[in-house]
Amino acid sequence: MQATIKADRGLFSYPKYWAHCYGSAPFLPMSRAEMDELGWDSCDIILVTGDAYVDHPSFGMAIIGRLLEAHGYRVGIIAQPDWQNKNDFMKLGKPNLYFGVTAGNMDSMINRYTADKKLRHDDAYTPNNEGGKRPDRAVTVYSQRCREAFKDVPIIIGGIEASLRRIAHYDYWSEKVRRSVLFDAKADLLMFGNAERPLVEVTHRLAAGEAISDITDVRGTAIIVKQPLPEWQGVDSTSLDRPGKIDPIPSPYIMEPDCEGENENKGSQPAAETQAQPIVVQPAERRKPWEQVYVKLPAFEVVRDNKTLYAHANRILHQETNPGCARALLQRHGDRHIWINPPAMPLETEEMDAVFDLPYQRVPHPAYGEAKIPAYDMIRFSVNIMRGCFGGCTFCSITEHEGRIIQSRSEDSIIREIEQIRDTVPGFTGVISDLGGPTANMYRLRCKSAKAEATCRRPSCVYPSICAHMDTDHKPTIDLYRRARDLPGIKKILIASGVRYDLAIEDPNYVKELAKHHVGGYLKIAPEHTEDGPLSKMMKPGMGTYYRFKELFDKYSKEAGKEQYLIPYFIASHPGTTDEDMLALAIWLKENRFKLDQVQNFYPSPMATATTLYHTEVNSLRKVKKDSENVPSAKGEIHRRLHKAMLRYHDPKNFAQIRKALVKMGREDLIGRGPQHLVPPESASEKRQKAAKPRRGERAMTKHTGFKNAASPNPGNKKRSHKTKRNNQQSH
């Protein structure tokens with residue numbers, strides 16, 4: 001297939017910067033001493049990251065640093081600096097071009113807090129798994145410290161944290177809508193997505209002497225402007241929304257089938273006559289409807305206070321993610337605007353290969369000594385074979401960050417990396433822990449119609465059903481698996497990335513290959529739920545697809561003489577989930593003899609569609625109106641804890657909470673000790689504990705009067721604390 005979504009210029013087509021004469025560094029320097037050993041008097045670019053520096057292509061800063069180095073720039077890294085003052089941000093000196101700032105591979109808030117907003121005490125991206133080595137909202141804090149260190153140096157922010165905060169967004173931790181991170185960080189430019197293309201272009205333009213304030217037209221970037229860019233035509237976002245499914249914009253290819261494939265099989269046309277035809281002079285090519293067009297979104301102050309318009313703005317944002325036809329976005333913040341250029345074009349296979357073939361050491365920087373970095377230990381024997389995901393799950397932000405178009409490496413490039421792991425990585429025992437990416441089985445799967453791919457605005461290529469244009473042939477993946485496991489010194493290739501089973505059942509040969517050779521006893525898959533209500537808000541397939549995959553998996557496991565099991569993964573408290581839905585899931589788990597050890601509550605990450613559903617309780621998957629469908633969402637610690645408890649119905653710690661909910665729901669029939677019951681009745685010990693606890697009224701009386709009960713004073717409480725007095729004043 002010849003791609004029509006293609007960049008005007010190759011990633012490695014730029015002339016190298018003069019400093020390429022220094023060659024590549026063993027590790028990108030983290031200290032002045034290392035710079036001296038390399039013969040550098042300064043760094044051209046300094047990257048600041050919230051992760052430990054691991055020189056491996058699974059770590060964003062390593063990819064960015066090595067890519068810039070390949071273009072001839074001297075790149076230094078400041079990893080996990082002390083953010084309390086500017087000193088650590090000055091230790092490599094003043095960069096010649098700019099500071100590049102990221103929170104790391106994870107959003108700093110998700111890294112720091114659980115889905116229940118509890119503080120984590122560990123950090124997998126830090127030596128010895130130590131927590132507290134990065135600040136909350138790291139991109140903002142690091143950028144401010146860079147500005148304090150060197151006021152006149154440009155600051156470019158990027159990575160997952162900046163990507164998902166590039167526009168006004170709901171912030172789960174503060175429970176309010178925050179403005180674009182570009183304003184809070186006071187940075188000069190934001191890059192979203194994997195960002196190799198915009199990074200290389202912007203760096204070369206800065207090196208050529210162009211001011212960063214003049215760089216406004218680069219795809220995959222966002223900037224602050226006082227007014228829309230000249231020569232761009234604006235349209236109001238409310239004029240673009242349509243009822244029902246997202247309608248495609250008018251296609252410039254009038255005679256081509258649309259993305260739904262509705263016109264593909266209407267019969268063949270008669271062959272053209274062989275006699276001479278008159279010559280028709282074609283008019284000049286018309287500008288495509290999305291070119292030089294920006295969408296004016298409701299202002300930050302409006303979406304902050306109006307949930308319906310927040311849902312509308314988020315819906316429009318997700319329509320503008322296809323680099324082939326996306327328009328720029330404009331959103332006012334006070335007296336200025338955030339301007340978001342269309343996404344960068346995806347990398348070609350040759351460019352992906354070149355990025356992954358850069359001279360990574362594949363180990364942590366020597367400065368960490370023998371310290372263990374859990375995130376590195378998890379991936380050091382794994383290989384990333386592709387990027388992107390066209391699944392469109394509403395709770396996931398991969399599409400907003402990596403894009404919907406799959407970018408795959410060549411088979412040769414992947415094999416070279418496996419051989420490099422085998423030959424150079426300490427501790428390798430012959431087992432590759434994963435060949436995957438965001439999804440295990442989307443390698444080299446793309447739209448079969450290049451023109452449809454370039455104009456499609458569907459949020460998912462597989463929901464509610466697999467698009468007729470989508471290629472589901474897993475042969476390239478099967479061929480890759482076979483070639484990889486036939487390599488000398490390779491004992492086994494495991495697949496740890498999530499398998500998209502609705503795609504897998506389209507090609508049973510893939511399921512057979514997977515079950516026979518690449519599962520170590522258990523395969524994790526993610527139905528996420530059993531009920532249609534939450535599944536429709538997740539944009540996930542129904543359980544019939546799961547049962548079909550299970551049937552194939554069990555069949556091929558048995559044929560291979562292996563006893564293997566599926567471990568399903570579920571999310572509690574997802575928007576659209578009622579208490580009855582969670583109860584139905586709990587009953588399904590018990591009937592199928594699943595006792596889950598680790599369960600996850602829905603985590604509202606910035607900019608995800610499901611986060612919009614959670615915040616607004618408005619169904620933004622359809623046209624947003626004042627009377628749009630209400631989406632129930634479990635909010636508050638008690639309600640979310642109940643939904644999570646349902647997934648662990650077998651845990652005695654959850655019995656009391658589940659029993660209380662069952663009584664409230666009128667489902668006392670599920671309380672008992674039989675196989676048809678979900679939880680046992682209250683035990684004698686529970687009754688004794690309950691009787692020993694003071695009733696709520698008694699606790700309140702003790703708190704406000706200092707007495708255990710109305711008749712019996714407690715001398716020990718005669719002197720009440722200042723805090724208790726203040727509580728009394730507030731209560732009265």
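How many strands form the open sheet with mixed pairing, and in what order do they stand? In this predicted model, the sheet is built from 10 strands, which follow one another in the order 2-1-3-4-7-8-12-11-10-9. Strands of a sheet pair through backbone hydrogen bonds, and the pairing may be either parallel or antiparallel. The edges of the sheet are taken by strand 2 (75-79) and strand 9, and because each of these has a single partner strand, one side of each is left without a neighbour in the sheet. Averaged over the sheet, and with direction ignored, neighbouring strands are turned by 25° against each other.

Several of the pairings within this sheet can be followed residue by residue. At the edge formed by strand 9 (residues 233-236), pairing with strand 10 (residues 293-296) is parallel and extends over 4 bridges, and here Gly234 is placed opposite Tyr294 of strand 10. Strand 10 is in turn joined to strand 11 (residues 328-333) by 3 bridges, again with the two strands running parallel, and Val295 has Leu329 of strand 11 as its bridge partner. An antiparallel pairing is found between strand 8 (residues 221-225) and strand 12 (residues 336-340), which are connected over 4 bridges; in this pair, Ile224 is partnered by Ile338 of strand 12.

A further open sheet consists of 3 strands, arranged in the order 19-20-21 and paired in parallel. Strand 19 (522-528) and strand 21 (600-601) stand at its edges with a single partner strand each, so that one side of each has no neighbour in the sheet. Strand 19 pairs with strand 20 over 5 bridges in the parallel sense, and Glu528 has Phe570 of strand 20 as its bridge partner. Strand 20 (residues 565-572) is also linked to strand 21, with which it runs parallel, by 2 bridges, and Ile571 is found opposite Gln600 of strand 21.

Helix 22 (residues 637-647) lies across strand 20 and strand 21 of this sheet, and runs at about 165° to strand 20. Helix 22 also packs against helix 23 (residues 655-664). Two packed helices are described by the angle between their axes together with the distance between those axes. For helix 22 and helix 23 the angle is about 105° and the axes are 10 Å apart; the two helices are therefore roughly perpendicular to each other. On the side of helix 22 the contact is made by Ile638, Arg641, Leu642, Ala645 and Met646, and on the side of helix 23 by Gln657, Ile658 and Ala661. By residue class, this contact comprises 6 nonpolar residues, 1 polar residue and 1 charged residue.

The interior of the model was also examined for enclosed space. Rolling a probe the size of a water molecule over the atoms shows where empty space is left. The structure contains 6 cavities of 30 Å³ or more, and the largest of them has a volume of about 370 Å³. This largest cavity is lined by 32 residues, of which Gly193, Pro343, Ala344, His401 and Glu402 are the closest to its centre. Helix 7 (196-207) and helix 12 (398-402) are the elements that contribute two or more residues to the lining, and the largest share, 4 residues, comes from helix 12. The lining of the largest cavity divides into 14 nonpolar, 9 polar and 9 charged residues.

The second largest cavity has a volume of about 140 Å³. Its lining is made up of 15 residues, with Arg404, Cys447, Glu453, Cys461 and Met470 lying nearest its centre. In this lining, 11 residues are nonpolar, 1 is polar and 3 are charged.

Finally, two features of backbone geometry may be noted. Most residues other than glycine have a negative phi, and most peptide bonds are trans. Ala195, which is placed in the loop between strand 7 (189-191) and helix 7, has a phi near 75°, a positive value in a residue other than glycine. The peptide bond from Tyr463 to Pro464 is cis, with an omega near 5°, and Pro464 belongs to the loop between helix 14 (450-455) and helix 15 (475-485).

Terms used
Residues numbered from 1 in each chain as written. Predicted model: local features only at pLDDT ≥ 70, side-chain atom pairs only at ≥ 80, totals over all residues. Heavy atoms only, no water. Pairing = 2+ DSSP bridges. Contact = heavy atoms within 4.5 Å. Axes fitted to C-alpha atoms, helices over the stretch in contact; angles between N-to-C directions. 1 Å grid on protein atoms, 1.4 Å probe; cavity = no way out; pocket = protein on both sides within 12 Å on 5 of 7 lines; lining within 4 Å. Points joined across faces, edges and corners; volume = space filled by probe spheres on them. Nonpolar A, V, L, I, M, F, W, Y, C, P; charged D, E, K, R; others polar. Parallel < 35°, antiparallel > 145°, perpendicular 65-115°, else oblique.
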